[in-house]
Amino acid sequence: MTVKDLIGGYNGPLENIEIKGVTCDSRKVREGFAFVCIDGASVDGHRFAKSAADNGAAVIVCEKDLGLSNQIICKNTHNEFSRICAKWFGNPAEKLHLIGVTGTNGKTSVTYMLKSVLESAGNKVGLIGTIQNMICDKVFESHNTTPGPYELNELFAEMVKSGCRYAIMEVSSHALEQERVYGLNFDVAIFTNLTQDHLDYHKSMENYLLAKKKLFYMCKTAVINSSDEWSQKLTDGLNCKILTYSDENNSSFCAKSINYRPDSIEYELLGKGLLSHIKVKTGGRFTVFNSLAVVVCALELGISIEDIKNGLNSISGVKGRAESVPTDRDFTVIIDYAHTPDGIKNILSTFKECEKNRLIVLFGCGGDRDKTKRPIMGSIAVHNADYVIVTSDNPRSEEPMSIIEDILEGTKGSSVPVKVIENRIEAIRFAVKNALSGDIIVLAGKGHETYQILKDKTIHLDEREIVYEALKEIK
């Protein structure tokens with residue numbers, strides 16, 4: 001592929017050069033590669049342009065004059081890199097029906113439910129998300145909720161090769177802000193909710209919303225949770241078709257006569273002349289909303305209500321999302337990814353309804369992330385649980401006890417017992433070994449993660465393994 005083939009609209013002295021690979025990482029440059037300089041959140045790729053040229057880069061795509069003989073200057077290298085990667089892999093996204101899911105909470109659950117539904121209708125489906133990437137039944141490691149343009153198009157190309165018709169992907173606010181999905185056209189985009197998170201990056205909820213809103217300028221149909229307080233601002237000015245869902249009457253589709261159980265929910269779906277009974281094998285009000293998003297999206301894609309019901313009924317849960325750990329004891333241990341104020345509130349309110357004795361929550365807050373949510377999460381914990389264990393959760397460069405002290409600010413004045421155990425492994429062991437009959441223990445924050453990010457290293461930490469080891473020590 002020549003430079004002219006790869007970079008649309010370019011006519012110049014470099015246009016007939018054959019390109020052997022593309023990258024935005026100077027460490028991956030090989031002879032004949034095109035190197036694209038990306039000005040990222042922490043590193044500006046323009047600093048490494050000369051190094052890339054010395055390593056054999058055939059062309060350097062940049063936003064400013066670097067004084068290199070093989071440079072090509074463009075207006076926005078983020079966008080250009082997305083275009084280049086798509087062309088390099090033969091524009092695979094154009095051969096797929098794309099569904100994007102964005103929101104603070106619920107993205108992963110929605111994508112897994114939707115994959116099950118589309119497969120129940122006989123389709124081959126690809127999935128890109130937080131826990132893992134999937135092409136039909138093949139599983140690939142995931143490094144970011146939404147991959148960069150090269151990996152993204154590589155995955156799309158493999159999906160096409162495997163005969164996939166649909167590609168479902170979680171689309172993070174970071175990915176939207178950094179133009180990782182630039183140039184994609186989505187058949188359906190889903191909005192789950194917007195609650196406080198990532199303010200260390202976006203600085204305000206309004207900026208966070210605007211980042212999310214970018215997805216809905218890239219879709220044919222928007223499926224919106226109209227119960228969310230930000231939904232009206234999200235839909236203002238959109239030109240796409242809009243379908244809404246909620247547990248209220250003023251939406252395109254709504255859930256009525258909801259029946260909550262610890263391990264499932266059931267409701268009557270009403271909308272667009274349709275009345276149908278829906279059942280999902282996961283508990284909680286959030287499951288009602290997640291499944292509604294899936295139902296509305298699937299109907300819009302032309303999937304029958306019977307295939308939708310079969311798909312929802314056949315999925316029993318997602319790793320790290322209200323996941324029950326088998327204990328063979330008279331208490332329950334739940335692992336959940338809840339790491340935001342809304343996430344903590346949702347998971348605790350779900351299990352508060354079915355507690356027989358104490359509802360215990362163990363959680364921390366990530367270091368180098370939004371500090372303002374820490375006391376809020378502390379306050380929510382003591383208002384919704386009977387016993388609170390505050391511990392560490394990916395402290396990164398911060399001192400764990402400093403993070404814990406921020407959380408404790410929100411627990412002051414509460415009569416609910418609060419215990420601090422900085423070491424997360426020891427905290428989990430304490431919770432399990434001191435559980436009483438009928439207790440429900442919620443381990444919040446890690447979910448599917450099997451590691452802990454410390455100041456100088458990343459260690460293995462799988463909460464399931466810790467629970468099992470603690471159970472062995474109970475006589």
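These legends walk through five close-up views of the predicted model.

The model is predicted, so local features need pLDDT of at least 70 and side-chain atom pairs count only at pLDDT 80 or more, while totals for chains, interfaces and linings use all residues. Residues are numbered from 1 along each chain as its sequence is written, and side-chain values use heavy atoms, with hydrogens and water left out.

**View 1. A salt bridge within helix 3 joins Arg83 and Glu80.** Here the closest N and O atoms are 2.8 Å apart; a salt bridge is a side-chain nitrogen of Lys or Arg within 4 Å of a carboxyl oxygen of Asp or Glu. The partners sit three residues apart in helix 3 (residues 77-88), which means about one helical turn separates them. Helices (H or I, at least four residues) and strands (E, at least two) are DSSP runs, numbered from the N terminus. Arg83 is partly exposed at 35% relative accessible area, whereas Glu80 is buried at 8%. Buried means under 20% relative accessible area, exposed over 50%, and partly exposed in between (1.4 Å probe, protein chains only).

**View 2. Glu119 and Lys115 form a salt bridge in helix 4.** Their closest N and O atoms are 2.6 Å apart. Being four residues apart in helix 4 (residues 107-120), they are also separated by about one helical turn. Glu119 is partly exposed (31%), and Lys115 is buried (5%).

**View 3. Asp386 and Lys352 meet in a salt bridge.** The N to O distance is 3.1 Å. This pair links distant parts of the chain, 34 residues apart: Asp386 lies in the loop between helix 13 (373-384) and strand 19 (387-390), and Lys352 in helix 12 (residues 341-352). Asp386 is partly exposed, at 27%, and Lys352 is partly exposed, at 33%.

**View 4. Helix 15 packs with helix 16.** Helix 15 (residues 424-433) and helix 16 (residues 463-473) meet at an angle of about 45 degrees, with their axes 9 Å apart. Axes are lines fitted to C-alpha atoms, for helices over the stretch in contact, and angles run from 0 to 180 degrees between N-to-C directions. The two helices are therefore oblique to each other; angles under 35 degrees count as roughly parallel, over 145 as roughly antiparallel, 65 to 115 as roughly perpendicular and the rest as oblique.

**View 5. Glu426, Arg429, Lys433 and Glu473 are linked in a network of salt bridges.** For context, a search of the whole structure finds 25 salt bridges.
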